[in-house]
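User: Hi! I'm new to looking at protein models and could use some help reading one. Can we go through it feature by feature?

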Amino acid sequence: MRILLISYYFPPCGGAAVQRWHKWLPELMEKGFEVTVLTTEDGDYPVLDPSLTKEIPPQVKVLRSGTPSTARLWKLLFGQQSSVPYGDLSTSRSTGFFQKVLIWARLNLIIPDARKFWNPSALKAAETLLRDHPVDAVITTGPPHSTHLIGLELKKRHKLRWIADWRDPWSTVYYLKLNPPCALSLRRHRALERKVAETADLNIVVSRHLARQLTGKNKVVIYNGYDARKSALAKKDMQPATDRFRIKYVGNVTGGQKLAESLALIRSAFPEGGYELSFVGSRLSPDQLRILAEEIPGSYIYKGFMPHERALAEMADCELLLLLINYYEGFEGMLTTKLFEYIASGTKIFCISPHGGEAEELITKYQAGACFNIDEKGTASEFLSSLYASWKNGENLRNKADTSDLSAQEQAGKLISWLKGEKKG
């Protein structure tokens with residue numbers, strides 16, 4: 001079966017946006033699929049991880065088309081050390097007036113997102129490819145959800161089989177809920193979202209909650225999963241325990257996460273210190289760094305971005321992992337890529353989240369840790385104190401539950417069944 005995968009984010013882009021398909025491609029190759037990936041040439045990537053490029057199966061054909069860079073314009077306006085907002089369109093006291101104006105324009109005028117300016121180039125490249133090398137299916141993955149509009153147009157022109165992969169919500173994504181556009185713009189978002197979901201032959205979604213939100217009939221939930229091989233290697237790289245109880249947060253801190261309140265809760269559970277909190281692979285803003293300095297002075301480490309395999313090793317090499325779920329209407333379906341890697345690491349998870357989400361369900365099912373609402377200071381403190389006491393007594397805190405059904409290999413197997421038509425939506 002010949003597949004054209006259209007994805008704005010692809011190695012050397014790093015971070016969570018590329019992990020889903022990066023893990024699935026080897027499985028598709030092994031099952032005899034022919035995959036061509038259409039992606040960007042020098043796209044606006046939040047981070048770079050060239051190590052991931054080396055892991056792409058050599059049989060995968062990668063086509064790249066040029067795209068305008070909003071990042072270069074942003075840096076020209078606000079300085080080379082500034083960065084385009086990624087996954088967070090909120091503003092704060094430190095946000096300048098001109099930046100606020102641009103963020104307002106992004107929310108209300110550039111619909112569905114700023115990556116839409118790649119679409120003409122991508123559509124032209126796709127047309128050229130399809131003219132000489134027809135495929136059995138086109139898959140578009142978003143965000144950016146503007147990529148789905150390429151699939152929509154190709155479906156209209158060629159009547160081909162089109163699959164839309166939803167890694168995040170569209171009109172109900174957390175940063176639009178926390179900083180909503182005007183009513184007219186929101187209606188436009190919803191109209192485009194509905195058209196994509198109802199036109200696609202199949203919608204692949206990351207959570208049950210997102211599946212319920214989307215209109216259309218053909219929907220299947222397939223988790224991001226974790227790379228079983230990499231997770232096993234990460235556990236072998238664990239270092240001897242230190243004299244401090246190591247807590248780690250891996251990934252970016254985004255809008256709606258209760259950072260200050262979570263830090264205060266952790267501090268109260270360790271009145272005599274003895275712990276350290278590391279932020280790994282994070283891009284912390286000046287406001288977030290200020291909160292760290294105020295809430296847990298001298299007890300945090302800021303490591304910044306690192307290659308994916310090193311990040312996995314960091315997850316395994318600590319006593320506790322911190323997971324922050326965004327507080328917003330729609331949190332129930334938030335299943336981040338790192339959640340599955342957290343669970344696979346065997347390290348206990350301390351999750352701050354409203355109750356009732358699918359992340360809490362998975363953490364409970366696999367005995368991977370515990371979730372607490374931000375106002376449950378007493379029970380959360382007891383949980384942390386108990387783990388700390390067990391660690392001081394030399395007890396093994398690692399989780400031994402079988403998580404193999406969450407592996408990317410298992411999830412790719414579900415995808416392959418749907419692609420082959422062995423399951424009907």
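User: Let's begin on the outside. Which residues gather in a patch of positive charge on the surface?

Analyst: Happy to help, and keep in mind that this is a predicted model. The positive patch on the surface is made by Lys156, Lys159, Arg188 and Lys195. Take one of them, lysine 195: you'll find it in helix H7, which covers residues 183-199.

User: Is lysine 195 buried or exposed, or something in between?

Analyst: In between. Its relative accessible area is 49%, and anything from 20% to 50% is called partly exposed, so lysine 195 gets that label.

User: Okay, what about charges that pair up? How many salt bridges does the structure hold?

Analyst: The general idea is that side chains of opposite charge can pair when their charged atoms come close. In this model there are 18 salt bridges. Here's one to look up: glutamate 55 with lysine 230, where the closest N and O atoms are 2.7 Å apart.

User: Where do those two partners, glutamate 55 and lysine 230, sit along the chain?

Analyst: In distant parts of it. Glutamate 55 is in the loop between strand S2 (34-41) and strand S3 (61-66), lysine 230 is in helix H9 (residues 228-236), and their positions lie 175 residues apart in the count. Their surroundings are worth checking too: glutamate 55 is partly exposed at 26% relative accessibility, while lysine 230 is buried at 4%.

User: Can you show me another pair? What does arginine 208 form a salt bridge with?

Analyst: With glutamate 358; the closest N and O atoms there are 3.8 Å apart. Arginine 208 belongs to helix H8 (residues 208-213) and glutamate 358 to helix H14 (residues 358-365), so this bridge ties together parts that are 150 residues apart in sequence. Arginine 208 is partly exposed, at 34% relative accessibility, whereas glutamate 358 is buried, with a relative accessible area of 4%.

User: And lysine 248 with glutamate 314: how far apart are their closest N and O atoms?

Analyst: 2.5 Å. That salt bridge runs from strand S8 (residues 245-250), home of lysine 248, to helix H12 (residues 308-316), home of glutamate 314, so it ties together parts 66 residues apart in sequence. Lysine 248 is buried at 5% relative accessibility, and glutamate 314 is buried with a relative accessible area of 12%. Salt bridges can also share partners: Glu127, Glu153 and Arg157 are joined that way into one network.

User: Now the rings. How many aromatic pairs does the structure hold?

Analyst: 19. When you read one, check how far apart the ring centres are and how the planes are angled. Tyrosine 8 and tryptophan 118 are edge-to-face, at 5.7 Å centre to centre with 85 degrees between the planes. Tyrosine 8 is in the loop between strand S1 (2-6) and helix H1 (19-30), and tryptophan 118 is in the loop between helix H3 (97-108) and helix H4 (119-132), so the pair ties together parts 110 residues apart in sequence. Both tyrosine 8 and tryptophan 118 are buried.

User: How are phenylalanine 350 and phenylalanine 383 arranged: stacked or edge-to-face?

Analyst: Stacked, with 15 degrees between the planes and 6.0 Å centre to centre. Phenylalanine 350 comes from strand S12 (residues 349-352) and phenylalanine 383 from helix H15 (residues 377-392), so parts 33 residues apart in sequence are tied together. Phenylalanine 350 is buried at 1% relative accessible area, and phenylalanine 383 is buried at 17%. Rings can also gather in a group: Phe245, Phe270, Tyr275, Tyr388 and Trp391 form one aromatic cluster.

User: Last one, about a whole helix. How many of the twelve residues of H1 are buried?

Analyst: Ten of them, so H1 is largely enclosed by the rest of the structure. Among those buried residues are Trp21, Trp24, Leu25, Leu28 and Met29, and charged ones such as Arg20, Lys23 and Glu27 are on the list as well. Just after H1, look for glycine 32, which takes a positive phi of about 90 degrees.

Terms used. Residues are numbered from 1 along each chain as its sequence is written. This is a predicted model: local features need pLDDT of at least 70, side-chain atom pairs count only at pLDDT 80 or more; totals for chains, interfaces and linings use all residues. Side-chain values use heavy atoms; hydrogens and water are left out. Patches are made of residues with over 30% relative accessible area and no salt bridge: like charges are joined within 9 Å, nonpolar side chains (Val, Leu, Ile, Met, Phe, Trp, Tyr) within 5 Å. Accessible areas come from the Shrake-Rupley method with a 1.4 Å probe; for residues, only the protein chains shown count as cover. A salt bridge is a side-chain nitrogen of Lys or Arg within 4 Å of a carboxyl oxygen of Asp or Glu. Lys and Arg count as positive and Asp and Glu as negative; His and the chain ends are not counted. The place of a charge is taken as NZ of Lys, CZ of Arg, CG of Asp or CD of Glu. Helices (H or I, at least four residues) and strands (E, at least two) are DSSP runs, numbered from the N terminus. Buried means under 20% relative accessible area, exposed over 50%, partly exposed in between (1.4 Å probe, protein chains only). Rings of Phe, Tyr and Trp (its six-membered ring) pair if their centres lie within 6.5 Å; planes under 30 degrees apart count as stacked, over 60 as edge-to-face and the rest as tilted.
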